[in-house]
Each structure stands twice: as C-alpha cells, then as structure tokens.
Amino acid sequence: MKSIKIFAIAAIAGLFACSDDELRTYDALQKKDAVESVNDPYLLASIIKRTTLFYQKMGYDTRVLPGAVQHMESNYQSGDNFYNAFRAPITDMYTAMDILKLIDGSIGLAETRNSKTHQGIFRVFRVLLFSYMTDFYGDVYYSQALKAREGILYPKYDKQADIYTGLLKELDDANALIDAGTEPVSESYDLMFGGNKDKWKKFSNSLKLRLTMRASGKLSDAGARLTALASAPLLSDPTENASIGYIGTLGGDNSNSWTGGPLNWGTIDNFDTRRPCKTLIDKLTELNDPRMQVWFAPVEKPWTSDRAKNGQTFTTTDPNGYTYTSTWEYIDRKNKDIAAYATKDILLDSNKVYVGFVAGMLADWKNGNGHYDVAAGGAVGNFKVSKFSKLFRENKHALLKAQIMNSDEVQFILAEAAAKGLISGSADTYYRKGITNSLLRWGVSQDAVAKYLAQPGIALPSDKAGQLAKIADQKWISLFLVSSEAYLDLRRTRLPNIFNNGRLNGFQFPERYRYPGNELGQNKEAYDLGVGTLSPAVDDQFSKMWLLQ
C-alpha cells in the first residue's frame with residue numbers, strides 16, 4: 001500500500017468533474033477531452049486516489065453511515081444519530097458518476113494503447129462504483145451510462161438483477177485482462193498495491209466475493225459461485241488491503257492528509273463532535289478488545305459512587321504512546337443537576353473508564369451520559385463520554401488508511417458462507433483469521449491477539465444461528481471506518497441486532513438512499529421506472545430494492 005502522494009493528477013480528475021446538469025449535457029465534451037496525452041500510470045493513480053477517498057468520506061467525514069451502524073455518534077447539531085439524513089435525496093450517485101467518467105475515459109485510452117493490465121484494473125474500480133450506486137439506490141443507469149457521445153443524454157435505469165449480472169461478468173473480464181496484459185504497472189503510481197498484478201487479481205476476486213455474498217439470497221447457485229471464489233486467490237494476509245495511506249502534507253485540496261488531522265480540521269471542537277457509540281464501546285468492553293485503546297480515549301472525568309475515588313487522578317497510555325489524564329468524580333445524587341439526569345435514565349455508565357454516546361440520543365452535548373456542567377464542558381465538550389483517540393488527530397500515521405476493502409472482511413465473508421453451508425471448510429478457521437487480520441491491521445501485538453482469541457467469549461458456539469451472530473459481531477467491529485460496507489451488511493443480515501438500542505426504539509432502520517432530486521426533474525421516465533420496481537413503489541428510505549425483496 002502506497003501513500004497518497006500524487007498532486008498533479010488532481011487537475012486531471014478535475015476535467016471530469018461536473019454539476020448535476022452537466023451530467024446530462026457536457027458528458028460528451030468531457031470524455032472527448034480525456035487528457036489523451038497522459039500515461040496510464042497517472043490515470044491509475046488518480047482513479048485509486050479519488051475512489052478510495054470517496055469511500056473514506058463515507059466512513060468518517062460524514063456521520064450518516066457511521067451513525068447508522070452505531071460506530072460513531074454526533075454530540076452536537078446533527079440528526080445522524082437517528083437516520084435523519086436518509087429522509088432527503090442524496091447525491092452520492094453523481095459523485096460516483098464523476099469518478100466513473102474518469103474511469104471510462106481511462107479504459108478507452110488504455111484500449112487504444114493495448115494496455116490490457118490497466119484496462120483490467122480500471123474495470124475493477126468501475127464495478128466498485130457501479131455496485132455502490134445500485135447497492136444504495138436500487139435500479140440505476142448502467143448499460144446506457146456515460147454514452148452521451150452516442151447521443152444518450154437521458155440514460156435508462158437498468159434493473160438491479162441485470163446490473164449484478166453485468167458487474168460479476170465485468171470482474172471476470174477484468175481478471176482476464178490483467179492476466180493477458182504484458183505492460184508493467186508502475187510501482188510509484190500504483191498507490192494501492194505497488195505494481196503487484198497478483199494483488200490486483202486478489203482484489204478483483206475479493207470484490208466479486210463481496211458482491212456474490214450480498215446477492216446470495218437472490219442467486220439459486222450461490223453456493224457453487226462462492227465455492228469457486230473460496231478457492232481463488234483472495235486478499236488474505238493482514239497486509240493485503242485495498243487501502244492507501246497519507247503523507248500528511250497540505251496539498252492542493254488537503255486530501256494528502258488524514259481527514260481528522262489539524263490540516264483538514266483545524267479546531268479540536270469540530271473534531272470532538274464525533275464520539276464513539278455506546279453500542280460499540282459496550283461490545284469492545286464485553287470482549288476485552290484491545291482495539292478499544294487504539295481507537296478511543298478514556299473519559300476525562302469518569303463518575304463513581306465510591307467516595308474514596310473522589311478527586312483521584314490516573315493516567316493511561318495507549319499502545320501508540322498517547323497519554324491521557326482522567327480524574328474520578330463522586331456521584332452526588334443529592335446534587336439537583338445530577339439527580340435530574342439520574343431520573344431520566346441518562347446516567348448510565350458510572351464506574352467506567354471508556355464510555356460511549358447513547359445510540360439515538362439527540363446530538364446535544366448536555367445530554368450524553370448525564371453531562372451537565374456547561375461551563376466546564378464548553379459548547380461541544382462532554383467529559384462523560386469518550387473521545388476518539390489522539391491517533392485520529394494526526395495528519396498521517398501508519399494506522400490511518402483510506403479504506404475500500406480489507407483482508408479481514410474477506411475472511412468474515414468466508415466464515416459466514418461456511419457457517420451457512422454454502423462452502424466447505426471451517427467457519428471457525430475463517431472467523432479466527434478475520435479477527436486476527438483486523439487486530440494486526442490496527443497494530444495489536446501477536447501476543448495480545450493470542451490472548452484475545454483464547455477468551456471463552458470469542459469461541460464460536462455449535463449452533464448455526466449462534467455462529468452467524470458471533471461472526472457478524474466481529475465483522476461489524478472490523479468494519480470500523482468502512483461504514484458503507486458495515487451499513488450494507490447490517491441491512492442484509494440484520495446482525496448484530498442493534499436496531500432498538502439506546503433511544504432508537506420507534507426509529508425505522510433505512511433500507512436505501514433516495515434518488516437525487518435532479519433525477520426526478522431531468523430523467524423522469526427512467527426515474528419513474530426505477531421507483532416502480534421498489535417495494536412499495538415509493539422513492540423513500542424504507543422501500544426495498546431487488547436485493548432485499
């Protein structure tokens with residue numbers, strides 16, 4: 001995995017950017033001006049960077065998906081704790097299409113140069129982005145997309161079943177092209193795999209595994225397909241991940257630095273509006289999970305009912321060397337401010353060093369876990385709830401990656417398939433390898449991994465339902481900061497069963513994104529047909545697409 005270090009290619013990518021209107025009217029001109037003198041390596045670097053950062057934005061920058069999967073909560077001015085953003089149309093379709101214009105232009109350029117390896121790699125990203133579109137919206141344009149040069153300004157929506165058939169076929173084609181290609185892949189400009197063609201094939205196969213499992217409930221031959229993929233080269237080593245690192249410099253658009261660092265978010269107040277969810281903290285605490293200390297900071301002022309600890313200060317140093325100071329506070333339930341919270345079932349986590357923000361709680365800094373001291377807390381402060389680790393305030397760090405797919409996700413998919421009897425092999429072996437890869441990816445030592453796996457609470461039970469629940473727990477944890485996949489998995493499996501946690505009772509879990517508003521105005525015929533295949537046939541966040549019907 002390489003760091004983000006290509007600055008000039010941002011200008012290349014900019015030639016493919018467009019407003020919603022231009023998606024219809026200027027597509028032909030943009031593809032015609034596809035920087036035909038630029039070499040494949042530059043285009044590859046730009047595609048890797050833009051696509052990976054797009055995925056990273058879904059995992060951390062915005063709080064929509066991290067909040068929906070209860071990895072992250074907002075404690076200031078946000079409705080993301082109870083799915084509010086899903087109520088309005090979402091324009092991620094257009095963001096993906098902007099990158100797809102660059103990809104399709106690059107494929108055409110690689111074809112004229114007979115650069116088969118690059119054609120194959122570009123097609124992997126094409127599948128990734130089209131799958132994102134259909135997985136979140138339902139029917140979308142695919143077969144007629146990006147064909148303005150052929151006069152198709154208002155492309156039809158393909159049915160989701162047909163899109164999946166096409167995407168899986170495209171991944172087969174991508175692997176064949178990579179195999180047939182003779183040109184080298186630049187080690188410098190391949191930000192993801194350093195020019196290693198075998199790893200690109202592993203990524204392609206792993207993406208196909210992800211999509212096949214996602215559609216497995218709709219495929220009559222899902223077992224045969226998954227069995228074939230289980231024996232194919234896949235991302236399997238802890239270091240084999242479709243992700244890129246950061247170099248920690250400002251750059252033209254700040255995208256060369258981790259999004260939470262001072263170069264992107266200068267104020268600590270803005271950074272601290274993101275807090276871990278109680279659901280995640282409680283699960284990590286239950287499992288004695290070492291990732292807790294890597295990801296989160298201890299509460300600054302934990303409460304205790306033990307008077308002896310009143311005022312006692314302690315320090316904690318996490319595995320990355322970051323040190324935190326906390327001071328115990330005695331819970332004086334006679335204090336009218338504290339008593340008011342205690343009777344509202346908000347004072348939940350006294351005597352705990354790590355505390356999460358309650359799922360579904362209003363994003364109001366006064367409410368989280370009973371914090372009431374306005375003067376001491378500040379506008380966005382809450383010392384009764386853990387913050388993200390200081391790790392996430394760095395501009396760069398070896399553990400900070402923009403992520404699309406990691407090897408641990410692959411192993412958990414195989415574990416689920418084995419537990420369901422869709423493939424042969426040991427679900428437990430795949431499950432433990434998934435846990436191991438995730439822990440190692442976050443810098444946990446081999447000794448700590450061994451101790452974690454030896455805990456009785458980690459062992460898979462003998463029954464199928466119990467196995468699937470345990471696998472889902474660990475996969476959900478491992479998808480921290482890969483929130484798009486955590487959301488799609490939670491939607492598909494309904495595991496872990498976290499839907500009524502905290503204050504979410506009464507809030508229905510969203511099943512999809514609503515189409516961008518411009519589709520209704522500019523491409524109404526296709527839009528109407530797309531909505532017509534939903535169940536019920538209404539463009540809202542609760543209608544079910546083909547995958548879910």
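**Entry 1: prolines and peptide bonds**

I began with proline 536, which sits in the segment after helix H22 (524-532). I checked omega there: the bond joining serine 535 and proline 536 is a cis peptide bond, with omega at about -5 degrees. A note to self before going on: this is a predicted model, and I read every angle here with that in mind.

I then went to proline 496, in the loop between H20 and helix H21 (517-522). Leucine 495 and proline 496 are joined by a cis peptide bond too, and omega comes out at about -5 degrees. Worth jotting down, as most peptide bonds are trans and most residues other than glycine have a negative phi.

**Entry 2: a positive phi**

Which loop holds asparagine 114? I found asparagine 114 in the loop between H6 and H7. Its phi is near 60 degrees, a positive value in a residue that is not glycine.

**Entry 3: H6 against H7**

From that loop I moved to the two helices on either side. H6 covers residues 92-112 and H7 covers residues 116-137; their axes come within 9 Å and cross at roughly 160 degrees. That angle is over 145, so I put H6 down as roughly antiparallel to H7. The crossing is left-handed.

I listed the contact next. On the H6 side I have Asp92, Met93, Ala96, Met97, Ile99, Leu100, Ile103, Asp104, Ser106, Ile107, Ala110 and Glu111. Facing them in H7 are His118, Gln119, Phe122, Arg123, Phe125, Arg126, Leu129, Phe130, Tyr132, Met133 and Tyr137. Sorted by type, the residues of this contact give 15 nonpolar, 3 polar and 5 charged.

**Entry 4: H7 against H20**

H7 has another partner on my list, H20. I get axes 11 Å apart and an angle of about 45 degrees, which makes H7 oblique to H20. This crossing is left-handed.

Which residues of H7 meet H20? I noted Tyr132, Asp135 and Phe136 in H7, set against Ser484, Tyr487, Leu488 and Arg491 in H20. The split for this contact is 4 nonpolar, 1 polar and 2 charged. Tyr132 is a residue I had already written down, in the contact with H6.

**Entry 5: H17 against H19**

Next pair: helix H17 (residues 427-441) and helix H19 (residues 464-478). Their axes come within 10 Å and cross at roughly 20 degrees. With the angle under 35 degrees, I call H17 roughly parallel to H19. H17 passes H19 in a left-handed crossing.

The contact uses Ala427, Tyr431, Ile435, Ser438 and Arg441 from H17, and Gln467, Lys470, Ile471, Gln474 and Ser478 from H19. By type I count 4 nonpolar, 4 polar and 2 charged in this contact.

**Entry 6: cavities**

Last, I looked for enclosed space. How many cavities of 30 Å³ or more does a search of the whole structure find? The search gives 5 of them. I picked the second largest, which holds about 60 Å³ of space.

Its lining consists of Arg210, Met213, Arg214, Glu409, Ile413, Lys475, Leu479, Glu485, Asp489 and Arg492. How do these lining residues divide into nonpolar, polar and charged? I get 3 nonpolar, no polar and 7 charged.

I also checked which helices contribute. Helix H9 (197-214), helix H16 (407-419) and helix H20 (483-493) each supply at least two residues of that lining. H20 thus turns up again: I have it here at the cavity, in the contact with H7, and ahead of the loop with proline 496.

Notes: Residues numbered from 1 in each chain as written. Predicted model: local features only at pLDDT ≥ 70, side-chain atom pairs only at ≥ 80, totals over all residues. Heavy atoms only, no water. 1 Å grid on protein atoms, 1.4 Å probe; cavity = no way out; pocket = protein on both sides within 12 Å on 5 of 7 lines; lining within 4 Å. Points joined across faces, edges and corners; volume = space filled by probe spheres on them. Helix = DSSP H or I, 4+ residues; strand = E, 2+ residues; numbered from the N terminus. Nonpolar A, V, L, I, M, F, W, Y, C, P; charged D, E, K, R; others polar. Axes fitted to C-alpha atoms, helices over the stretch in contact; angles between N-to-C directions. Parallel < 35°, antiparallel > 145°, perpendicular 65-115°, else oblique. Left-handed = near helix turned anticlockwise from the far one by under 90°. Contact = heavy atoms within 4.5 Å.
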